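Please open the model in your viewer and keep the selection panel at hand. The tour below goes from one selection to the next.

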Amino acid sequence: MILEPAVLEALRGRLIVSAQAYPGEPMRTPTTMAQIAASAVIGGAAAVRVQGLADVQFTRSAVEVPVIGLWKDGHEGVFITPTARHAIAVANAGAHIVAIDGTRRPRPDGLDLKTTITMIHEQTHALVMADCGSLKDAFNAVEAGADLIGTTLAGYSGEREKTQGPDLDLIAAIAAAELDRPLIAEGRIHTPAQARAALDAGAFAVVVGTAITHPASITGWFDVALRA
Ligand SMILES: CC(=O)N[C@H](C=O)[C@@H](O)[C@H](O)[C@H](O)COP(=O)(O)O
């Protein structure tokens with residue numbers, strides 16, 4: 001799927017909504033995720049992010065905005081679109097942008113990030129979003145050819161503390177490095193004010209997942225508040 005530069009530019013300053021249900025959860029069906037993604041677009045999402053090949057396919061049919069696709073395989077270490085094989089499958093499922101683990105950790109297929117991104121670029125038309133966990137990751141991902149840089153793995157890869165809300169310090173540090181790639185703030189952005197703060201820290205666009213699309217978590221937040 002070719003994403004014209006103007007389409008990417010249209011995401012500047014905008015909200016991207018991630019719709020994901022986890023293994024065993026009631027909403028973990030592609031139809032449901034595509035419906036949630038379409039609902040988010042009605043609310044103003046300029047792009048959506050979904051997990052799994054079927055979710056990418058269904059969501060492509062349900063929305064007209066760019067679709068960021070990923071494939072989670074496992075749940076620790078390198079598990080977000082961990083190999084070139086996973087990434088190419090996500091692109092072939094219709095994702096305009098493929099989000100992959102963009103850290104410097106060893107990958108399950110033994111390929112480095114640069115080789116992985118080169119293979120995706122050579123074999124598909126998708127852009128590559130590198131889900132990073134640190135400033136060093138971001139530098140490395142740009143060097144490796146990533147088209148977009150995400151802070152998705154800040155607090156999950158061992159290099160950064162898991163902040164309560166978004167890791168605004170990392171967002172600001174990557175923005176200050178002027179890497180000449182769109183910086184996507186992602187991870188633990190739970191309120192409109194935090195989303196605004198991420199943009200003000202220098203992000204190009206902001207991804208919100210849990211706080212919009214994960215009712216079990218949101219319900220839990222209210223439940224905890226009432227029981228306190
Ligand atoms: C670390 C990891 O596995 N992140 C995943 C990446 O796709 C998702 O589980 C998150 O929901 C997504 O990044 C959006 O973040 P938040 O749900 O915090 O708004």
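Which atom of the ligand lies 2.7 Å from a polar side-chain atom of Tyr-22? Select Tyr-22 together with the ligand in this predicted model, and you will find that the partner of that polar side-chain atom, at 2.7 Å, is an oxygen atom of the ligand.

Next, add Lys-72 to the selection, where a polar side-chain atom is placed 2.8 Å from a ligand oxygen atom. Then add Gln-20, whose side chain has an N or O atom 2.9 Å from an oxygen atom of the ligand. With the ligand taken alone, 440 Å² of its surface is exposed, and the protein buries 90% of that area.

Now widen the selection to the 15 residues that surround the ligand, of which the closest are Tyr-22, Lys-72, Glu-186, Arg-188 and Thr-210. If you colour this shell by class, six residues come up as nonpolar, five as polar and four as charged.

Hide the ligand and turn to the space that it takes, which is the largest pocket. This largest pocket has a volume of about 610 Å³. Its lining comprises 28 residues, and those closest to the pocket centre are Gln-20, Tyr-22, Lys-72, Tyr-156 and Thr-210. To see which elements give two or more residues to this lining, select strand E2 (47–51), strand E8 (205–208) and helix H9 (210–213). Finally, colour the lining of the largest pocket by class, and you will find nine nonpolar, twelve polar and seven charged residues.

Technical notes: Residues numbered from 1 in each chain as written. Predicted model: local features only at pLDDT ≥ 70, side-chain atom pairs only at ≥ 80, totals over all residues. Heavy atoms only, no water. Near = heavy atom within 4 Å. Polar contact = N/O pair within 3.5 Å; in protein donor to acceptor, adjacent residues only side chain to side chain. Areas by Shrake-Rupley, 256 points an atom, 1.4 Å probe, with all protein chains shown as cover. 1 Å grid on protein atoms, 1.4 Å probe; cavity = no way out; pocket = protein on both sides within 12 Å on 5 of 7 lines; lining within 4 Å. Sits in = over half its atoms within 2 Å of the grid points. Nonpolar A, V, L, I, M, F, W, Y, C, P; charged D, E, K, R; others polar. Points joined across faces, edges and corners; volume = space filled by probe spheres on them. Helix = DSSP H or I, 4+ residues; strand = E, 2+ residues; numbered from the N terminus.
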